[in-house]
Each structure stands twice: as structure tokens, then as C-alpha cells.
Amino acid sequence: MLFSAKHSCTLFYILTLSLLALYTTLRHRPILPPPPLRVAQTLPTIAIHSSPPLATTPSPPTCANSPSTHLAGTLSPLSTALYVQSHFQSLGLTTHLTNFSVLLSYPLHSSLSARFSDGSVLPVALSEPTVPQNGVVAPYHAYSPSGSAYGEAVFLNYGREQDYHALGAQGVVVKGCVGIVRRGSGMSRYEVVANAAAHGVSAVLMYTEGEYKEGVERGTVMNGLGDPLTPGWAGIGGGEKLDLNDPRVTEKFPAVPSLPVSEAAAESIIRSLEGRGVPYEWRESFNIGGRRIRRVGPGPTMLNFTYEEIFEEVVSLSCPQLLVIKEDKGPIVLTVTVLREDVRNFIQHGEQKMTTIHNVFAVIKGSEEPDRSVLLGNHRDAWTFGAVDPNSGTAALLDIARRLALLMRLGWNPRRTIILCSWDAEEFGMIGSTEWVEQNLVNLGSKAVAYLNVDCAAQGPGFFVSATPQLDDLLVEVTKQVKDPESENLYLYERWAAANKGVNKIQRLSRVDSDFAPFLQHAGVPSVDLYFGSDFPVYHTAFDSYDWMVNFGDPSFQRHVTVAGIWGLIALHLADDPILPFNYLSYATELQKLRVDQNVDESTVLRRRMLNDQLMLTERGFLDSEGLRGRQWFKHLIYGPRGITESKIAFFPGIAEAMSGRMNVEEREAMIRHEMWRVARAIQRAAIALRGELR
Ligand SMILES: [Zn+2]
């Protein structure tokens, strides 16, 4: 028996690599060259290319979307929901809203002061002074517990396990301290704070290095996706909710409070530290403002930290009136208006911190296979003004709606259904999309062809795309058909390949940082995520404004146009090609034959349908009903978050975690064996789904 005797970890690594190689081979290298791609009717392609670009429209949706803030659960996102819906309606598209009642989190009060070694006590700025604060929520970490802490300041580098080891080796004791952490290790905010709590740190300040030293990066510290009160099922008003004190809820939040601070604020504290020297391993990367930092504390600077979380204040702060949406049969009617006092009553008498979020959809019914759907999604809520994140993506989505409506006026209809999705509350943990995926899990599992996500469409130069591998060929083809936004004469493919030394650098989707995560990692729907630029310096700060977009992000709006072009073309192929343009090895020959077959009789139609189902369902084979260990909601065994590990493996999250988990050798070997068997079974399931026969 393969695993009956004693085996070293080396063997498991080798086996893992073999599995990886097998998987990569299966998914990447067709026996035959991939068949040529073509849209069933040529009309849509032509029209997509020749429709007026977004930048020339008199009022780009980015302008319309950005001047106000769009924090989920407050009044403003409701108005953006209605804006998006009325845009769809004005184009004659069928549209609807789907609302969920979910637990969101807002700041009531936060303060931070530093007591320096000379006895002086100074407040540390927690806001962003150079930006008009009108309607911008104070920087905070959503779902951070309320709490106060008074303790010595200590610098924790990225807050990784290896950083605590390095500090320990210097003799630094972090217990009871207020820790300062810089972002950038790839760990989620939750992982950073949870790790700090595990080491006895009593509160965490987090900052991001970059050009905007006074910008503060907001974000969620929830572990996992979706409404924390409805794990695995949709948060429908009146439906089952876990109690706020239920361990399944509280375990999603860190045990200690945290706040984001600006780099400038962090610097003022770090520079005052004495105590132990900076561990050798950090020295290369650790200097602030060009000057090397020499000491990490703890102390002598003492920090007095307070954070209080509540729902009520934010509503009264940016929402003096509560709007109620009434979905009558006719157009949406906005009624009225509950005054501030009533808002308080509503909250006191309603469920604490519960609020309504709004997903907006436009549906273009397929003419031949209306029960098969291609979904395009982007979130609509933002921490602040959100010109980049997410309004650049929303602008592209609205422009695709306009282009598709144009095609429909010319008599076109997609073969399969196209659904445009505008999600709410993504910033809190992909809540709008996750609740919807949970609500529609069975239909998505049996009928969704693919999910195409765009979050921040235009953050700067350079094209980036991530996808599940069966979509690689389609992506490459499409980039050969769309002009590069930076040059007149080049196609995107040429510049993209040149930037990556001739390789089409398509990343995979193990991340959990946008709305593709529930579709792929919970429902097994093949997915894509695309954007221009990376790591934009105003991420989640009050500087993510229209001004930044026109000055830096995408001054000519051509990147917006290109994203809309690629996104729309991928969707058209998936919605219109008679055979789905998925590249799976064993179907290359069969598909090739059917693709060129022009005599479409009834048996061909049924055969195509059968093959398409096999292609569509193969990805579902990688799901495992048990899910990842300790994170059962994540069902995909190939792509998913790694958990709190130092592993660099971006595939097979279960194996990666088993390899680096904290346990003894025997336990680890047993765990790795089990995880490898699970992956092997998942690959077998996918292969059987692709074969399509009961055996
Ligand atoms: Zn976003």
C-alpha cells in the first residue's frame, strides 16, 4: 500500500509536486492546438469594437459615482443602487434588486494618544486632515471588537510568526504591549491581528507604506466571507441568524481591537522607540522616510488606545433620514423618510447592527439556452469616495450594459443568459455576493457557465488577470482583439506579453479579496478577475477620489475602455459560442470536430449541450463537501486561502496548511496524507465530470 510504511515529508512534497504537475498538465497543455475562437454571430464583436468608448460619453459613470461616499449600509449606497438600476432601466434591460439583512460594523469613537519619555502626552491623528471629511467614515477596521488598552508601544514588523521569533531572539516581550504592524506580507488583516492576540499583544495599530503618508487604509478584520450571522446560508430578513455571542460568530473576529493609522502617525511613534535593536532580518526593508530605524521597543513610549464600534452613530451621521425602498410592480418607488429619532427607535427595537444591503442585477435572457448563465460582477460599495475601488469597475460594467443594449437594438440576443451584477458590502467581506451565492447555490452549481469579476478596473498602468485555467486560452485570444490603452498601434496582448518577458502571466484565484471568491471557492464556478495597475497608493483611503483618478489612475479613461472591451468580449464568447471556449485536454479533439460542423441538426444541438454541461461542471469536481479544515465554507481544494501559515504554495490550500501547521511529525504526516488523498479524489471527480459518464 502506498502509504502503509513510514514516510518522510520529502516523499509527500514530491507527491504533491507530482499532483501539481499532473493538474497543471491536464489544465494547461492541450494535445491539439486550441481551436480558433469565434463569436457565433459576427455582429456583436463588430459592434463592441465600434461602439463609442466610455471616455467620450459626456458623463462617465465614474464622475457620477464618485463625489459622495458609498459606505455599505448607509444612505448613499442605496442611492447608487438606484442609480445603477435606473441606468439598466434606461437601456431597456430587465433589472431587479435583491436585498439581504446582514451584520455590518461601524465606528462610534476612536482615540489614540502617546506618552513620550520626556513626559509629554500628545494625541495621535487618526483621520486624514488634507481631505474634506464630508461624509467620509473615520478610519477603522470593520468588525474589530471595542476595547481600550494602555501599554508600551512595540514594533512588530509584518506581524508574521517569523517576526515574533526574531523579536523573541532579541529578548523583546510583546505581551501587554500595543503593537504597530506594517501591511504587506500577504497576510489578511484578521490574520495579523489574530496572530498578535495569540502572542499577548493587547491592541494593534496597522499602517501601509507608500506615497500618501497621511492616507489611512480602512478594511475589514473579519475572517471568512459573507454575513457572519448566516454562515453557509443567505441572510434573508426574518430568516435564521446566529446570536451575536455564538462562538461561530465571535471566532470570526479577532480577540483584540485594532485600528488603521497613517504611515505618518506610525512613524511618529516608531521613531520614539528605544529598547531592543531592529532584528537583523528586517534591516534591509525597514527605514522610514529614508532614515533607518534602529530600535523596536517596547517603550518607553506608552500608547493609550480606545476603539468603540456601533451602528447607530453612522446612520445618524451620514443618514439623517432613512429611506425605505418599496418594490411595487411598477418602477421602484422611494417612500419616505424616518427622522433621526425614528432611526434610533428602529435600531433599538430592531436587531442590533443589522442593516439592509442591495445587490442590483440586469438580466439579458439567452435566446437558445436561457437556463445557462454567464455572470459579470463588480461591487458598488466603497470605504470612501471609491473612484478606483470600485467605481472604475462599476463604470466599465455600466458601459458594457450600454454596449449590450446597443447590440440588442440591432437585433442581437445572446445564446445563453448574461447577468450583470452590482454587489453591495464587498468591503466588509464580500457580503452581498456571498449571500447571493449561498441563496442561489443549486442553480449556480448546475447552470452557471462562468463568473467574470472586475473590482478596481483602473488603478494605474499594466494589465493583470487571474483566472481558472480552462479560461486561459480565451483570455489570451481576447487580449489579441483589444487595443492597448497606452498606445495607438498595439494590441493589449503585445504589451502585456512584453511586460512579462513574453509570457502570458495569468495568475490563479487562491486570494480572497473580491467577489470571485464565493463563486469559485464555494460554488466551483470558473472565474476571472481583471484590472489595470496594482497596489495603488490611495487604496481604501479618503484620497481614492475622482481627482486621483484623473491625475494618476487613468487620466484619459482609456484603461476603463480597455477593461470594458476585454470583459465584454470574454462574456460574449462564453454567452454566444456554440461550444464553450474552455480548454480541457481530453475534449480538444471532440470539440474541434463539433466547432467546425456547420450542419446543425437536432442531434448536434443535443450533443453540444451535453459537452457544454461536461465542460461547465468539471470545475465543480474540485469542490469537497467537507471543505478546508477548520474553514468548511471554502469547498475548493485547488484554490483557496492558506490559513495562517507561512507557506508560499498558492495551490492546494489544505496540503499547504498541513505542511506548515503547528503539530508533531506524526500528526503532520497523517494530515498531509489525508489532504493529498482528498486532492487526488477531487482531481478524479473533475476528470469523471469531464468524461460525463456514470461509471
Ligand atoms: Zn474593491
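The paragraphs below lead through a predicted model of one chain, from its confidence and overall make-up to a sheet, a core and some backbone details.

Because the model is predicted, local features are taken from residues with pLDDT of at least 70 and side-chain atom pairs count only at pLDDT 80 or more, while totals for chains, interfaces and linings use all residues. Residues are numbered from 1 along each chain as its sequence is written. The pLDDT, which is the predictor's confidence in each residue on a scale from 0 to 100, averages 80 over the chain, and 78% of the residues score at least 70. Two stretches call for caution: over residues 1-66 pLDDT stays under 50, and the model has 104 contacts beyond four places in sequence for them, where a contact is a pair of residues whose C-beta atoms, placed from the backbone, lie within 7 Å. Over residues 586-591 pLDDT also stays under 50, with 12 contacts beyond four places in sequence. Where pLDDT is low, the predicted coordinates should not be read in detail.

The chain has 22 helices and 23 strands, which are DSSP runs numbered from the N terminus (helices are H or I with at least four residues, strands are E with at least two). Of its 695 residues, 48% count as buried, that is, they have 20 or more other C-beta atoms within 10 Å of their own, with the C-beta atoms placed from the backbone. Among contacts with a separation of 6 or more, 80% are between residues 24 or more positions apart.

One element to trace is an open sheet of seven strands, with mixed pairing and the order 3-2-14-5-6-7-9, in which two strands pair if DSSP finds at least two bridges between them. Its edges are strand 3 (121-123) and strand 9 (258-260), each of which pairs on one side only, and the twist from one strand to the next averages 30°. Within this sheet, strand 6 (residues 178-182) and strand 7 (residues 203-207) run parallel and are joined by five bridges, and glycine 179 stands opposite valine 204 in strand 7. Helix 6 (residues 189-198) packs on the sheet, where it touches strand 6, strand 7 and strand 9, and its direction makes about 145° with that of strand 7; axes are lines fitted to C-alpha atoms, for helices over the stretch in contact, and angles run from 0 to 180 degrees between N-to-C directions.

The largest nonpolar core has 172 residues, and those with the most contacts inside it are Val204, Val563, Trp567, Ile570 and Ala571; such a core is a set of buried Ala, Val, Leu, Ile, Met, Phe, Trp, Tyr and Cys residues joined through C-beta atoms within 7 Å. Helix 18 gives the most to this core, with 11 residues. Not counting residues up to four places away in sequence, alanine 571 touches Val374, Leu376, Ile418 and Leu452.

Some backbone details remain. A cis peptide bond, with omega about 0°, joins glycine 297 and proline 298, and this proline 298 lies in the loop between strand 13 (295-297) and strand 14 (302-309). The peptide bond from aspartate 389 to proline 390 is also cis, with omega near 15°, and proline 390 is found in helix 11 (residues 387-409). Asparagine 157, although not a glycine, has a positive phi of about 55°; its place is in the loop between strand 5 (147-155) and helix 5 (161-169), and asparagine 157 is buried, with 23 other C-beta atoms within 10 Å.

Conventions
A residue is buried if 20 or more other C-beta atoms lie within 10 Å of its own, exposed if 12 or fewer, and partly exposed in between; C-beta atoms are placed from the backbone.
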